[in-house]
Amino acid sequence: MSNSSYCCNLPLLIFLLSLINNFKFSQSHPDPTYGFIPVALTQANFKLQKPYDVTLEQRYSFQNGTHKLWVYADDKPHNPSSLTQPRTEIRIHGLDYSSGVWQFEGYGFVPNGTSGATIAQIHGAAHGATTLILRIYNGDMRYYSSDAVATGLYDRWFRLNVIHDVDGGMVTVFVDGVEKYQTKDKGPGDLYFKCGVYAAPVNISYYMESRWRDIKIYKK
């Protein structure tokens with residue numbers, strides 16, 4: 001083959017190699033949504049929680065399919081009687097569950113500087129208020145404030161999938177299609193998914209933000 005013909009075919013070779021690599025990746029990392037049934041979502045399923053003394057527009061925007069949620073460390077809680085930390089979150093409303101296998105999927109983005117913020121959770125449990133908390137500390141995702149789940153998440157979109165097998169008592173977390181963490185749950189309860197920003201009890205940045213798009217719920 002001449003050098004000229006090799007150069008002409010180089011883009012095709014790169015494309016074919018990319019297809020082969022993507023195929024190998026998909027074979028070794030099957031899609032976490034395989035075997036699940038998507039649940040229809042409408043705007044009514046997205047219930048917003050924000051500091052009670054500000055308007056929604058002061059802590060939330062929705063443009064071009066992207067939910068942007070932010071909160072400050074000295075903000076008020078979501079209602080005057082609450083003693084919890086400040087939050088601006090999307091609560092998946094009307095799809096509470098107490099059995100079966102359910103899955104949350106969304107593409108998240110956390111800007112550099114946000115730290116000590118819960119960006120996704122499963123609310124409800126037989127023991128405690130939550131089954132799962134996923135927090136960002138210095139660009140890394142942690143299970144509550146302890147076990148590392150994923151690293152290097154600042155300033156890029158990542159795909160998050162959370163599978164809750166209530167009957168089996170297990171929660172599995174995938175980042176960018178790869179299983180990153182698995183843990184026992186905390187028993188059945190009135191369960192539902194949330195995403196956004198919810199300040200941790202300590203070690204938080206003053207400004208906290210996350211963005212979400214293509215939020216989906218699946219079940220088996």
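This report describes the fold of one protein chain, from the whole chain down to single residues.

**The chain as a whole**

The model is predicted. Its mean pLDDT is 91, and 87% of the residues reach 70 or more. Residues 22-26 are a weak stretch, with pLDDT below 50. Beyond near neighbours in sequence, this stretch has two contacts in the model.

The chain holds one helix and 15 strands. Of its 220 residues, 47% count as buried. Many contacts span long stretches of sequence. Among contacts between residues at least 6 apart, 68% join residues at least 24 apart.

**The seven-stranded sheet**

Seven strands form an open sheet in the order β2-β5-β14-β7-β8-β9-β10, with antiparallel pairing. The edges belong to β2 (46-49) and β10 (148-150). Each has a single partner strand, so one side of each is left without a neighbour in the sheet. From one strand to the next, the twist averages 20°.

Three of the pairings are set out here, each with one pair of facing residues.

| Strand pair | Sense | Bridges | Residues opposite each other |
|---|---|---|---|
| β5 (residues 87-92) and β14 | antiparallel | five | Arg87 and Tyr198 |
| β7 (residues 117-123) and β14 | antiparallel | six | Gln121 and Lys194 |
| β8 (residues 130-137) and β9 (residues 140-143) | antiparallel | four | Ile136 and Met141 |

**Strand β14**

Strand β14 covers residues 192-199, and eight of its eight residues are buried. In a regular strand the side chains alternate between the two faces of the sheet. What lies on each side of β14? One side carries Tyr192, Lys194, Gly196 and Tyr198. The other carries Phe193, Cys195, Val197 and Ala199. Both faces are covered.

**The nonpolar cores**

The largest nonpolar core has 44 residues. Which of its members touch the most others? They are Phe104, Leu134, Met141, Leu160, Val162 and Phe193. Two of these names appeared above: Met141 stands opposite Ile136, and Phe193 sits on one side of β14.

Phe193 reaches many residues away from its own stretch of sequence. Leaving out residues up to four places away, it touches Ile90, Arg91 and Ile92, among others. Its contacts also include Tyr97, Trp102, Gln103, Phe104, Gln121, Ile122, Val162 and Ile217.

A second, separate core has five residues, including Phe36, Val101, Phe174 and Tyr218.

**Thr131 and His164**

Thr131 lies in strand β8. His164 lies in strand β11 (residues 158-165). Are they buried or exposed? Thr131 has a relative accessible area of 0%, so it is buried. His164 also has a relative accessible area of 0%, and therefore is buried.

Each has a polar contact. The side chain of Thr131 reaches the backbone oxygen of Gly124 at 2.6 Å. The side chains of His164 and Asp185 are joined by a polar contact of 2.9 Å.

Thr131 and His164 touch each other. Both contact lists leave aside residues up to four places away in sequence. Thr131 touches Ile122, Val171, Asp185 and Leu191, among others. Those four residues are also among the contacts of His164. Further contacts of Thr131 include Tyr143, Tyr144, Lys186 and Gly187. Further contacts of His164 include Tyr97, Gly100, Val101, Trp102 and Met170.

One distance places His164 along the chain. His164 and Gln182 are 18 residues apart in sequence, and their C-alpha atoms are separated by 9.9 Å.

Methods: Residues numbered from 1 in each chain as written. Predicted model: local features only at pLDDT ≥ 70, side-chain atom pairs only at ≥ 80, totals over all residues. Heavy atoms only, no water. Buried < 20%, exposed > 50% of the residue type's maximum accessible area, 1.4 Å probe, protein only. Helix = DSSP H or I, 4+ residues; strand = E, 2+ residues; numbered from the N terminus. Pairing = 2+ DSSP bridges. Axes fitted to C-alpha atoms, helices over the stretch in contact; angles between N-to-C directions. Core = buried A, V, L, I, M, F, W, Y, C linked by side-chain atoms within 4.5 Å. Contact = heavy atoms within 4.5 Å. Polar contact = N/O pair within 3.5 Å; in protein donor to acceptor, adjacent residues only side chain to side chain. pLDDT = per-residue confidence, 0-100.
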